[in-house]
Amino acid sequence: PTQVTAVTAPTEKAQRGRSFWRTARSYTRAGLLKAGEFSHTSPFAAVAPWIGTLVGSWIVGANTGSVPAIVPGAIVAAIGCTPVAAAAQWVKTRGNRTRRQDARERKVMEYASLALLPDLAEFTHLSPAERVEARETVVVDTVNYLQNNVYRDDEKKSPLKSEPSTRVVLHAFAAAPNQLEVIYQAGGPDIATGFDLDDDGRGAMVLKDLVAGTATYKTELAERNYISYVSAPIAGDTSIYGMISVDTTDIRQLDQEDVYALEVIASALAVFYQESEHA
């Protein structure tokens, strides 16, 4: 299997500092979006500008010659319009998410039909050793495609982001049946780790998700080097081969709808593992 390229790990202090600011930014964005959703779904956004403008105009009108009074009046009027701006931003954000999800699903389906299916058709002509080698090539190509073409499009448009906030990782079982190793990863500055399924902590949670056989989405995670993640098991009819996951430090990047796209990829990869196992 292709191994992850080694990089110099940041110091513990730098990791804590970076994790703190990433978490602070993500929760700030989440709070603003919650405020926007509240403003959009309640009469508050319609009433606040009227009250703010009325009070602000009264202050200004009653104190036309007083600059110290005019300034607070203008501030009151501006604050009154804030819920409308927040609601508009929430609507815009939801629209962007919908368009992004549609684009992701389209790209995933195109990749599955135009790349994975033709590769699978060639498997029948390969020897057992060649099938394993071909499978590893497919794994690397798939992880790179997801990172570069599905989950990083928005970041490519932003010159302010020097490194990707998303990371795509494929884990598979090692020689020991209770060990999930990192086979390949792309994106993100941090090196992914494996899982000991006998561990009562994270290992037990991963084992539960694998046995359930369904993709999972979790967000607002604490004490992790990412905020949200989506994970889908790579499983055949009778065997579980591993899992593929996407995690991010940006709370806006992933959503519950990403589950479907990742399940499509995981199901296709499961066929490659099954065919190479029974070669």
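The largest cavity in this predicted model encloses about 60 Å³ of space. It is lined by 12 residues, and those closest to its centre are Ser165, Pro189, Asn225, Asp247 and Thr249. Around this space the protein builds seven helices and six strands, and 38% of its 279 residues count as buried. Here is a friendly tour, starting with that cavity and moving on to the sheet and the cores.

**Cavities**
- In total, the structure holds two cavities of 30 Å³ or more.
- What is the chemical make-up of the lining of the largest cavity? The lining has five polar, four charged and three nonpolar residues.

**Overall fold**
- If you walk along the sequence, the elements appear in the pattern α-α-α-α-α-β-β-β-α-β-β-β-α.
- Take the contacts between residues at least 6 apart in sequence: 60% of these join residues at least 24 apart.

**The sheet**
- The six strands make an open sheet with antiparallel pairing, and their order is β3-β2-β1-β6-β5-β4.
- At the edges sit β3 (195-196) and β4 (216-218), each of which pairs on one side only.
- The antiparallel strands β2 and β3 are joined by two bridges.
- Across this pair, Leu180 stands opposite Phe195 of β3.

**The largest nonpolar core**
- This core comprises 38 residues, and Leu146, Leu170, Ile234 and Ile244 have the most contacts inside it.
- Which elements supply at least two residues each to this core? On the helix side they are α3 (67-121), α4 (128-150) and α7 (258-277), while the strands are β1 (166-173), β2 (179-187), β5 (228-235) and β6 (240-248).
- Helix α7 gives the most to this core, with 11 residues.

**A second core**
- Apart from the largest core lies another one, made of six residues.
- Leu180, Phe195, Leu210 and Met243 are among its members, so you meet again the Leu180 that stands opposite Phe195, with both residues listed in this core.

**A closer look at Ile234**
- Ile234 is one of the residues with the most contacts inside the largest core.
- Which residues does Ile234 touch once its neighbours within four places in sequence are left aside? Its contacts are Leu170, Ile240, Tyr241, Gly242, Met243, Ile244, Ala266, Leu269, Ala270 and Tyr273.
- Two of these partners, Leu170 and Ile244, are also listed with Ile234 for the most contacts inside the core.
- Another partner of Ile234, Met243, belongs to the six-residue core.

Notes: Residues numbered from 1 in each chain as written. Predicted model: local features only at pLDDT ≥ 70, side-chain atom pairs only at ≥ 80, totals over all residues. Heavy atoms only, no water. 1 Å grid on protein atoms, 1.4 Å probe; cavity = no way out; pocket = protein on both sides within 12 Å on 5 of 7 lines; lining within 4 Å. Points joined across faces, edges and corners; volume = space filled by probe spheres on them. Nonpolar A, V, L, I, M, F, W, Y, C, P; charged D, E, K, R; others polar. Core = buried A, V, L, I, M, F, W, Y, C linked by side-chain atoms within 4.5 Å. Buried < 20%, exposed > 50% of the residue type's maximum accessible area, 1.4 Å probe, protein only. Helix = DSSP H or I, 4+ residues; strand = E, 2+ residues; numbered from the N terminus. Contact = heavy atoms within 4.5 Å. Pairing = 2+ DSSP bridges.
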